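Trainee: I should be grateful for a close look at one part of this model, followed outward into its surroundings. Please set out the terms as they arise.

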Amino acid sequence: MINISLETGLLLAGILFFMGFLGVMVRRNVIFMLMSVEVMLNAAGIAFVMAGSHWHQPDGQVMFIFILTMAAAEVSVGLAILLQLHKHYKSLDADAANKMKG
Amino acid sequence: MMDWLWTIPALPFAGFLILALFGKQLSRKVVAWTGSLSTGLSALITIIVGISFLTNPPGGHVFKQILWSWIEVGSFSPEITLYLDSLSLVFMFVITFVGFLIHLYSTGFMVEEEGYARFFSYMNLFVGSMLLLVMAGNLVFLYLGWEAVGLCSYLLIGFWYKNPDNGYAARKAFIVTRIGDTLMAIGLFLLFDQFGTLQIQEILTRFPAEVAEGSPFAVATAIMLLGGAVGKSAQLPLQVWLPDAMAGPSPVSALIHAATMVTAGVYLIARTFVIFQMAPVAQTIVAIVGAVTLLLAGFSALTQRDIKRVLAYSTISQIGYMFLALGVGAWSAAVFHFMTHAFFKALLFLGAGVVIMHLHHEHNMFKMGGLRKSMPFTFWVFLIGSASLAALPLITAGFYSKDIILWYAWAAEGSHELFWLAGILGSLLTAVYTSRMVFITFFGEIKTEPHGKTALSIKIPLIVLAVLSLIGGFINFPGNFGDMQWLSGFLANNLPEAHAAVHDKGIETLFQVISAVLVLLGIYLAYLLYLKRNVDEQFSKKGIYHYWFSGWGFDYVYEVLVIKPVVWLSKIDEHDFIEYFYTGIARFHMFWHVLFSKLQTGKIRWYAMGIATGAIVAIIVLVFS
């Protein structure tokens, strides 16, 4: 088994998280925004697993399973919203849905 | 049977509640039944109570029914008491009985109108409030009825609210009478300050013992009460609202003029007669107000072109007679005239309503004419009412009641010859303007053809009132006719009798002949001036005729002296510091509103950015603190 140090793992998680974050902020296509959110979730998952293996606790992997479940639920809701969005605006541009403008 | 007293005002109130709450769901037939039956039953109970009061009078000729205690604040605990004596019984009889006839008439008259249930609910409330006013044993309770009557007059004058003019007339009536009400409230404060109670009878018994005759307190209180009476009864100088109150439907005018509202002032003065007796100055002012008003209104009635406005001015004039009677101490004569006036004035308004209804809502007398042949029934009842108003000698009720007032205006202690002169001149005027109205409307050439038939529910009240306008005077004959003053005798149980300084029956007869001759002369004059020649066409818009037509220009004077300064003051005071304070609050919030609403772009990425920034800031704070 290859030993990966905690620092490396967290760095990977951080980079992935930042990439996802950037995707959410920059992308206007809702599908890509959803994908970026998934990336962010998985980055958080990596961080949990890394921390769990560092302290030899199973909690980190338990948390990752939680995150997976939550991500599944989140994606189903997100895709439903996405379908409705497309039905209403005939587009996947998130900025098109700005009816709540003050 | 006396214990049923409380049902008399309760029935109209119950009718009001039913019609106000469920009126829209009920059919017109049920509405008509509820509206007229509630007052009809009330009238029936009044008659039964009256009979038992007459046959088996309670001790002191007074019956009290304590309903409950309203509030208790220290020693101030106004009890809701109904007070029945001869004075309130006469008023109750007229209010419920004439009120019932007017309701019956309205079931036919208003049948094509919108808001049928609304109309009857207001009418029931009106009758109930007026009953409350005359049955109250307490001035607070009386004031409640007094204000409720004002409210009902507002609602009913503005019944056809879709025309803004009617709304204006309603507001005018409400505001002008409110001036009087304020004075009356001050009078009540004065009384409470002095006596610590507002029970009417307690005040009246303690007043002569605790207040010196003619003292400033007595005069001030009496003047304040007079102010209230003047406002409600449309006497000088607050008479301007009544002619405009003609904007309401005809049954409303009949109710306001005959049974309710305008006679409230007469009742108030008669009820608190002790206060006026203790303030002779104020009582003389009552007589002066009455005398001047009856003349001014008489002249105005002479020139009106709207049939209902003639009747309105005649009401002001006739109530002037009642005030004159009150002012010279002929209390029962005023009540007697109130009663006969209720009969013939209700008859005249309802008759005029029939005419107006059949002529496509035409009010202008000069577009009527010749209706004698085409509407014989209406002509005859209207003629009877007019004869009674003009006090045609011997056969009409109006003659007897007016004769007693004229006699006491001459003969009562503390009276003045001028009062009699005003009264006798007024009766000439009355004869002229009444005949003018009849001649122009029913004689001459036909100008508009009437249409439609008169329903039975309209005819019956007219017949009953016509009969009463003729025989209603026979309950009180003049002194020189023999000892037949039943009404005065009945009222004397609770009101003081008028003291005549002159007891010469020859003079009394002479005066009767004079007034009878003047009435006949007035009718002949009207025949010459208005039927043979058309004086109105020659003089309209000229000189004094114009002043009379516009009610002596009171409206103009008030416009200049009161309304314009008030409007001007409120205009310049519009931007005072309070105004700045409140607009400041509004502006402050508007500023922040504009600023914050810019944050809400509606773009989801913008919100996500917000969340992310917030999270970053939170993490930084957590890490570095």
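Mentor: A residue is called buried if 20 or more other C-beta atoms, placed from the backbone, lie within 10 Å of its own, exposed if 12 or fewer do, and partly exposed in between. Residues are numbered from 1 along each chain as its sequence is written, while chains are lettered from A and ligands numbered from 1 in the order in which they are written. The model is predicted, and local features therefore need pLDDT (the predictor's confidence in each residue, from 0 to 100) of at least 70, side-chain atom pairs count only at pLDDT 80 or more, and totals for chains, interfaces and linings use all residues. The average pLDDT of chain B is 84, and 97% of its residues score at least 70. For the complex, the predictor gives an ipTM of 0.79 and a pTM of 0.78.

The part to examine is the loop between helix 8 (216-232) and helix 9 of chain B, where B:P237 is found; helices are DSSP runs (H or I, at least four residues; strands are E, at least two), numbered from the N terminus. B:A234 is in this loop, and its phi is near 55°, a positive value in a residue other than glycine. B:A234 is buried, because 30 other C-beta atoms lie within 10 Å. Further along, the peptide bond from B:L236 to B:P237 is cis, and its omega is near 0°.

For comparison, phi of A:H56 is also near 55° and positive, again in a residue other than glycine. A:H56 is placed in the loop between helix 2 (30-54) and helix 3 (59-89) of chain A. A:H56 is exposed, since 7 other C-beta atoms lie within 10 Å.

Helix 9 of chain B leads to the domains of that chain. The assignment (automatic or from a database) gives domain 1 (1-187 + 241-255), domain 2 (279-540) and domain 3 (581-624). The C-alpha centres of domain 1 and domain 2 of chain B are 25 Å apart. Their contact (C-beta atoms, placed from the backbone, within 7 Å) involves 21 residues of domain 1 of chain B and 29 residues of domain 2 of chain B. On the domain 1 side, helix 3, helix 9 (241-244) and helix 10 of chain B are the elements that give two or more residues. Helix 3 of chain B supplies the largest share of that side, 12 residues.

Helix 3 (residues 86-109) and helix 10 (residues 250-259) of chain B also pack on each other, at an angle of about 175° and with axes 10 Å apart. Axes are lines fitted to C-alpha atoms, for helices over the stretch in contact, and angles run from 0 to 180 degrees between N-to-C directions. Helix 3 and helix 10 of chain B are therefore roughly antiparallel (over 145 degrees; under 35 is roughly parallel, 65 to 115 roughly perpendicular, the rest oblique). Among the residues making this contact are B:V94, B:I95, B:V98 and B:G99 of helix 3 of chain B, and B:P251, B:A254 and B:L255 of helix 10 of chain B.

One further loop deserves notice. B:S415 is situated between helix 18 (397-411) and helix 19 (417-442) of chain B. B:S415 counts as buried because 23 C-beta neighbours lie inside 10 Å. Apart from neighbours within four places in sequence, B:S415 contacts B:V328, B:Y408, B:A409 and B:W410. From C-alpha to C-alpha, B:S415 lies 32 Å from B:D193, with their positions 222 residues apart in sequence.

Definitions and conventions
Contact = placed C-beta atoms within 7 Å.
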